[in-house]
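The exercises below are meant to be worked with the sequence and the structure side by side. Try each task before reading the solution that follows it.

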Amino acid sequence: MRIRPLALLLLLFAPVLAQAPAPRVLLQLGEFEAAWTQGRNAERLGDLAAAAEAANLIAQYRAKSDAERRAWLERAQETARRAIQLFPDAAEGYYQLAHAQAEVIRFVGVIAKLGLASEIKRNLERALELDGGHARAVMGLALWHLQLAKRGFGWLYGASLGEVVPLFEWAVSLDPGSVEIRKNYGFALMQLGRPEAARKQLEAALALPVKSVPDRLHHDRAAELLSDLERP
């Protein structure tokens, strides 16, 4: 009998779950609310990062309304700020804060957008100062350039569509096995009007193994984007 990757994950974590599941384990198993609850007041960086990530994923994939989405993004920011306060020299807190802010920017007015744009870039750059190999921070910076340049006010901050592909290529080189990075690279290439290059990245995302529920969510989104590409 063939065991599916997520079923295997459950078997591997069964002894841990029988005791006190860590936020990272809960995150990988898709128990996002439990991961946030368990990790939001933690004293360890890994637990706080998992809690912030879980809140971000709820906002992106499970929230039923804009109000619920914004509430979870606020929780993600609060948790990331706690991580920064306790671990100011660790990249992950800054990345998680920028990650949540990048989603928040869609819900605020023009003036607030301008302020958030600067904060997002500053947090991503700080993450990369602390960890030059942080692939998701590089990905975040690529998306920052894409979103600001596409909105028409990127020139105020030096955002450029010409930075998107080089940054994504760097992110892929740092973590070629990331479903999330490949999925977002495909999305970015769609936005840049490069459907064949986008198809290549989305197919690469779908070919990668699914090792967790977050991977499954990114995988399914890549499949949706590929389906969009195939529509006439």
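## Exercise 1: Helix 10 and its surroundings

Just after helix 10, Gly 193 adopts a positive phi of about 75 degrees. The model is a predicted one, and this applies to every exercise here.

**Task.** Compare the end-to-end span of helix 10 with the span expected at 1.5 Å a residue, and establish which of its residues are buried and what covers them.

**Solution.**
1. Helix 10 has 13 residues, which at 1.5 Å a residue should span 18 Å, and its end C-alpha atoms lie 19 Å apart, so the two values agree.
2. Taking under 20% relative accessible area as the cut-off for buried, one finds that ten of the 13 residues pass, and helix 10 is thus mostly covered.
3. The buried residues of helix 10 include nonpolar positions such as Val 179, Ile 181 and Leu 189, but also Glu 180, Arg 182, Lys 183 and Asn 184; the list is completed by Tyr 185, Gly 186 and Ala 188.
4. The cover over these buried residues includes helix 4, helix 6 (91-104), helix 8, helix 9, helix 11 (195-207) and helix 12 (213-230).

## Exercise 2: The chain as a whole

**Task.** Determine how many helices and strands the protein chain has, and what percentage of its residues count as buried.

**Solution.**
1. The protein chain contains twelve helices and zero strands, so that reading from the N terminus gives α at each element of the series.
2. Of its 232 residues, 49% count as buried.
3. The accessible surface of the chain amounts to about 11,400 Å², and carbon and sulfur atoms account for 53% of that area.
4. When contacts are restricted to residues at least 6 apart in sequence, 58% of them join residues at least 24 apart.

## Exercise 3: The largest nonpolar core and helix 8

**Task.** Find which residues touch the most other members of the largest nonpolar core, and which helix gives the largest share of this core.

**Solution.**
1. The largest nonpolar core has 66 residues, among which Phe 32, Leu 124, Trp 144 and Phe 168 touch the most other members.
2. Helix 8 (residues 135-151) supplies the largest share of this core, with ten residues.
3. Leu 124 shows how such contacts reach helix 8: beyond its neighbours within four places in sequence, Leu 124 is in contact with Ala 137, Gly 140, Leu 141 and Trp 144, as well as with Tyr 95 and Ala 98.
4. Because 13 of the 17 residues of helix 8 are buried, this helix is largely enclosed by the rest of the structure.
5. From its first C-alpha to its last, helix 8 reaches 24 Å, close to the 24 Å expected at 1.5 Å a residue, and it is followed by Gly 152, whose phi is positive, near 95 degrees.

## Exercise 4: A histidine in a loop

**Task.** Where is His 134 found, and is it buried or exposed?

**Solution.**
1. His 134 is found in the loop between helix 7 (110-130) and helix 8.
2. With a relative accessible area of 8%, His 134 is buried.
3. The side chain of His 134 reaches the backbone nitrogen of Ala 137 at 3.1 Å.
4. Not counting residues up to four places away in sequence, His 134 touches Ala 91, Glu 92, Tyr 95, Leu 128 and Leu 174.

## Exercise 5: Aromatic pairs

**Task.** How many aromatic pairs does the structure hold, and which parts of the chain do the paired residues come from?

**Solution.**
1. The structure holds two aromatic pairs.
2. One of them, formed by Trp 36 and Trp 72, is edge-to-face, with 5.3 Å from centre to centre and 80 degrees between the planes.
3. This pair links distant parts of the chain, since Trp 36 is in helix 3 (residues 32-39) and Trp 72 in helix 5 (residues 66-86), 36 residues apart.
4. Trp 36 counts as buried at 10% relative accessibility, and Trp 72 counts as buried at 6%.
5. The rings of Phe 168 and Tyr 185 have centres 4.9 Å apart and planes at 5 degrees, so this pair is stacked.
6. Phe 168 lies in helix 9 (residues 164-174) and Tyr 185 in helix 10 (residues 179-191), so the pair ties together parts 17 residues apart in sequence; both residues are buried.

Methods. Residues are numbered from 1 along each chain as its sequence is written. This is a predicted model: local features need pLDDT of at least 70, side-chain atom pairs count only at pLDDT 80 or more; totals for chains, interfaces and linings use all residues. Side-chain values use heavy atoms; hydrogens and water are left out. A nonpolar core is a set of buried Ala, Val, Leu, Ile, Met, Phe, Trp, Tyr and Cys residues joined through side-chain atoms within 4.5 Å. Buried means under 20% relative accessible area, exposed over 50%, partly exposed in between (1.4 Å probe, protein chains only). Helices (H or I, at least four residues) and strands (E, at least two) are DSSP runs, numbered from the N terminus. Contact means heavy atoms within 4.5 Å. The expected span of a helix is 1.5 Å times one less than its number of residues. Accessible areas come from the Shrake-Rupley method with a 1.4 Å probe; for residues, only the protein chains shown count as cover. A polar contact is a pair of N or O atoms within 3.5 Å; within protein, one must be able to donate a hydrogen and the other to accept it, and residues adjacent in sequence count only if both atoms are side-chain atoms. Rings of Phe, Tyr and Trp (its six-membered ring) pair if their centres lie within 6.5 Å; planes under 30 degrees apart count as stacked, over 60 as edge-to-face and the rest as tilted.
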